[in-house]
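Student: Could we go through this model together, one question at a time?
Tutor: Happy to; let us have it in front of us.

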Amino acid sequence: MIWDSAALKEAVRSKIGEHKFIVVSNREPYIHRRTPNGIVCERPVSGMAVALDPVLQACGGIWVAHGSGEADREVVDERSRVAVPPGKYSYTLRRVWLTPEEEKGYYYGFANEALWPLCHIAFTQPVFRQADWETYRRVNEKFADAVLEEMNSDTGFVFIQDYHFALLPRILKQRRPELVVAQFWHIPWPNREAFRICPWGEEILDGLLGNDLLGFHIRNHCQNFLDTVDRGIEAKADYERFSVTRGGVETLVRPFPISIDFALIDRLANCQQTAGRAEELRAEHRLNYKKVGIGIDRMDYIKGIPERLSAVDRFFEKYPEYRGRFIFLQLGPGSRTEIQKYKEYDQTIQNLTAEINRKHGGSGWEPIILFRSHLPPQEVVAYYQLADLCLVSSLHDGMNLVAKEFVAARSDGEGVLVLSRFTGAARELEQAILVNPYATDELADALKTALEMPREEKSKRMERMRETVREYNIYRWAGKIITELNRRLV
Ligand code: F6P
């Protein structure tokens, strides 16, 4: 059976029934901004938000998230609620307001300067500030208030997203033990030796063990979590059942590889407008008669962007016959720009691009085009379609949805995916050219292999990967989680 929106709706109807369904995340699925032409509603740059939105559209319910847009307050009702998506209302977005100090300590500080590098192990040292930790705790309480206000006196299912809310499950269970609470951790879970350095490790583990179900992308992260708990806190890890029991209460720990709405991207890829846009982009960037490589990422040090640019540099050194015949497009928005590490990273990428372009470019041709902006979905698909290869070189990534989107966008069977072994996606997309992003020569050679791969082999690999993403899509991901939880809903 292929899961789709209708199948998920049916699963929700039969399994959740009259219970309330509340999703919680930091990033909101729709952001309102002021423009000279009035308030506009935009989609954020977040794999998590893009993945969850079709689920909520299918199931209905309430999504509680930080209201971070400058015009967010202008469109909500007196209870900070707004119906979304615009013009196609299918669920309620409940916004939680944070002060600049709260955002600084909880989001930039503890979530993104401590937990993010702690869990990713991309050799960026986590920063643990006591004040950030205290703010993180307070903000988790604040979200708990909003969730419980929305839950009212009803029973229901709370589905928490990500590392911003490690303490929320326990707070919810302490206040309302009958609620069913699940959490999906969208980033890796490190091995226990790495996790041990966190000064508040025990509180974090205890918070997470408030969940009835805790999901990670891959089995290896579940295993790491069980090991961490086994040695780090008073609890019993059961490696047979994949669960942890603390204080007589069991938390199931399960892998659920997240995915995308395959059908939606496939539809976008097959519409005439997208093909037309791809042609326009070819002309705009002067790509005609050239081979094209593409990378689309938030500017984040886990994405391995300098490593990939160095590989492009090495590729032209080793294979100079490609000078003037190959262009690499690096697209994507800035991210978490308040954090010094991210500012420096952005600068490194700009400098490296300029240096490589100086070194190899000439006669009106530059090997790398760096384009830093947020692109709407159809534009992204048009870019995927004009590329001969897509390069995902993350140093470590829970899943990486760009890899899956690229595959969904290539119904023509063309295009080769070059994918870091250190992504969750590499476990499923085995027909990609799998690479170690730290090995510059290997990456450079993979570019050549991709560009010279015979058409028949390309389409065979692409077809296999498309079958995988078509079947293991976002509706299946949500359906499996809901099915697993069903047993706990009374
Ligand atoms: O990968 C983890 C994650 O939180 C995703 O869930 C999300 O898409 C991405 O990072 C973006 O992060 P932020 O919301 O901080 O921009």
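**Helix packing and the ligand site**

Tutor: In this predicted model, helix α12 (residues 305-318) and helix α17 (residues 440-452) have axes that come within 8 Å and cross at roughly 70°.

Student: How is α12 oriented relative to α17?
Tutor: The crossing angle of these two helices is roughly 70°. Angles of 65 to 115 degrees count as roughly perpendicular. That is why α12 is described, relative to α17, as roughly perpendicular.

Student: What handedness does the crossing have where α12 passes α17, and which residues of α17 are met there?
Tutor: As α12 passes α17, the crossing is right-handed. On the α12 side, the residues are Glu307, Arg308, Ser310, Ala311, Val312, Arg314, Phe315 and Lys318. Their partners in α17 are Thr440, Asp441, Leu443, Ala444, Asp445, Leu447, Lys448 and Leu451.

Student: How many residues of each class does the contact of α12 with α17 have?
Tutor: The α12 side includes charged residues such as Glu307 and Arg308, and the α17 side includes nonpolar ones such as Leu443 and Leu447. By class, the contact has two polar, seven charged and seven nonpolar residues.

Student: How are α10 and α14 oriented to each other?
Tutor: Helix α10 (residues 262-269) packs with helix α14 (residues 377-386) at an angle of about 70°, and their axes are 9 Å apart. The crossing in which α10 passes α14 is right-handed. The angle therefore makes α10 and α14 roughly perpendicular to each other.

Student: Which residues make that contact, and how do the residues of the contact of α10 with α14 divide by class?
Tutor: Ile265, Leu268 and Ala269 come from α10, while Pro377, Gln378, Val381 and Gln385 come from α14. For the contact of α10 with α14, the division is two polar, no charged and five nonpolar.

Student: Are α1 and α2 oblique or roughly perpendicular to each other?
Tutor: The axes of helix α1 (residues 5-15) and helix α2 (residues 47-59) come within 8 Å, crossing at roughly 60°. Their crossing is right-handed. Because roughly perpendicular begins at 65 degrees, α1 and α2 are oblique.

Student: Which residues of α2 are met by α1?
Tutor: From α1, the residues taking part are Ser5, Leu8, Lys9 and Val12. By class, the contact of α1 with α2 has five nonpolar, one polar and one charged residues. In α2, the partners are Val55, Ala58 and Cys59.

Student: Now the ligand: what is the distance from a polar side-chain atom of Asp162 to an oxygen atom of the ligand?
Tutor: The residues surrounding the ligand include Arg27, Met48, Tyr107, Trp116, Asp162, His186 and Arg336. A polar side-chain atom of Arg27 is 3.0 Å from a ligand oxygen atom, and for Met48 a backbone N or O atom lies 3.1 Å from one. For the polar side-chain atom of Asp162, the distance is 2.7 Å.

Student: Which residues does a cis peptide bond join?
Tutor: Pro85 sits in the loop between β5 (81-84) and β6 (91-96). The cis bond has an omega of about -10°, and the residues joined are Val84 and Pro85.

Student: What is phi of Ser80 near?
Tutor: Ser80 lies in the loop between α3 (72-75) and β5. Its phi is positive, in a residue other than glycine, and is near 60°.

How values were computed:
Residues are numbered from 1 along each chain as its sequence is written. This is a predicted model: local features need pLDDT of at least 70, side-chain atom pairs count only at pLDDT 80 or more; totals for chains, interfaces and linings use all residues. Side-chain values use heavy atoms; hydrogens and water are left out. Axes are lines fitted to C-alpha atoms, for helices over the stretch in contact, and angles run from 0 to 180 degrees between N-to-C directions. Helices (H or I, at least four residues) and strands (E, at least two) are DSSP runs, numbered from the N terminus. Angles under 35 degrees count as roughly parallel, over 145 as roughly antiparallel, 65 to 115 as roughly perpendicular and the rest as oblique. A crossing is left-handed if the near helix is turned anticlockwise from the far one by less than a right angle, and right-handed if clockwise. Contact means heavy atoms within 4.5 Å. A residue is near a molecule or strand if one of its heavy atoms lies within 4 Å of it. A polar contact is a pair of N or O atoms within 3.5 Å; within protein, one must be able to donate a hydrogen and the other to accept it, and residues adjacent in sequence count only if both atoms are side-chain atoms.
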